[in-house]
Amino acid sequence: CKRSEYDRASDHLLRAVRISQDGEGLTKTKSYAQACVLLASCYSYDQEADRGFRVEGKDTEDNMIMGKPDYDQAIEYLQSGLDTYENLYGTQCKESMNILKEMAQIYLTMNRYSKAAECMEGVLHSVVKRCQ
């Protein structure tokens, strides 16, 4: 199976995330947050729906490459990106709100409605604070 440009981009993003981490695994850069958000998109994208195949019994990275979404991994990367943006710019920055919306969408896909509602409440809270 020939790897697509999309799959190669995922590899580069994984490297970017690893490189941006310091020795203790703590990161505080906008580039790290951006790489996390993009990587989450790779993990949550359902290539199976587009290509019509599924690979069972593969580990997380293989499933991402072969098209099976890993929503839990996507949420982890989004949370890392969210934490970084909030540390850098506060809870009301537009990037944080966009990440929360993306997390809500993934939670809805996973049928985890209370978690989706929590994320959207965070977005609404941020919007209200920004408008005051």
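Before I turn to the model, one convention: a crossing of two helices is called left-handed if the near helix is turned anticlockwise from the far one by less than a right angle, and right-handed if it is turned clockwise. With that in hand, the crossing of α5 and α6 can be stated as left-handed.

What we have here is a predicted model, in which local features need pLDDT of at least 70 and side-chain atom pairs count only at pLDDT 80 or more, while totals for chains, interfaces and linings use all residues. Residues are numbered from 1 along each chain as its sequence is written, and side-chain values use heavy atoms, with hydrogens and water left out.

Let me begin with the overall layout. The protein chain has 7 helices and 0 strands, where helices (H or I, at least four residues) and strands (E, at least two) are DSSP runs numbered from the N terminus. Of the 132 residues in the protein chain, 36% are buried, and here buried means under 20% relative accessible area, exposed means over 50%, and partly exposed lies in between, with a 1.4 Å probe and protein chains only. Taking contact to mean heavy atoms within 4.5 Å, residues 24 or more positions apart account for 58% of the contacts with a separation of 6 or more in the protein chain.

Next, the confidence. The average pLDDT, which is the predictor's confidence in each residue on a scale from 0 to 100, is 79 for the protein chain, with 73% of the residues scoring at least 70. Among the elements, helix α4, residues 60–66, has the lowest mean pLDDT, at 49, and α6 has the highest, at 95. Over residues 62–66 pLDDT stays under 50, and for that stretch the model has 18 contacts beyond four places in sequence.

Now to the packing of the helices, for which axes are lines fitted to C-alpha atoms, for helices over the stretch in contact, and angles run from 0 to 180 degrees between N-to-C directions. Angles under 35 degrees count as roughly parallel, over 145 as roughly antiparallel, 65 to 115 as roughly perpendicular, and the rest as oblique.

I start with helix α2, residues 30–44, and helix α5, residues 71–89, which pack at an angle of about 160° with their axes 8 Å apart. That angle makes α2 roughly antiparallel to α5. The contact involves, among others, Y32, C36, L39 and Y43 of α2, together with Y77, L78, Y85 and L88, which are among the α5 residues taking part. By class, the residues of this contact divide into 14 nonpolar, 6 polar and 1 charged, where Ala, Val, Leu, Ile, Met, Phe, Trp, Tyr, Cys and Pro count as nonpolar, Asp, Glu, Lys and Arg as charged, and the others, Gly among them, as polar. The crossing of α2 and α5 is left-handed.

Is Y43, in helix α2, buried or exposed? At 3% relative accessibility, Y43 counts as buried, and its C-alpha atom is separated by 6.6 Å from that of Q73, 30 residues apart along the chain.

Moving along the chain, the axes of α5 and α6 come within 9 Å and cross at roughly 165°. The result is that α5 is roughly antiparallel to α6. Residues meeting here include I75, L78 and L82 in α5, and I99, M103 and I106 in α6. This contact of α5 with α6 divides into 11 nonpolar, 4 polar and 3 charged residues.

In the loop between α5 and α6 we find T91, which counts as partly exposed at 38% relative accessibility. Not counting residues up to four places away in sequence, T91 touches E86, S96 and S126, and the C-alpha atoms of T91 and V123, 32 residues apart along the chain, are separated by 9.4 Å.

The third pair is helix α6, residues 94–109, with helix α7, residues 113–131, whose axes come within 8 Å and cross at roughly 160°. This makes α6 roughly antiparallel to α7. Among the residues making the contact are M97, L100 and Y107 of α6 and C119, M120 and V123 of α7, and the contact as a whole divides into 12 nonpolar, 2 polar and 4 charged residues. The crossing of α6 and α7 is left-handed.

Two residues close the tour. N111, in the loop between α6 and α7, has a positive phi of about 65° although it is not a glycine. E121, in helix α7, is exposed, with a relative accessible area of 54%.
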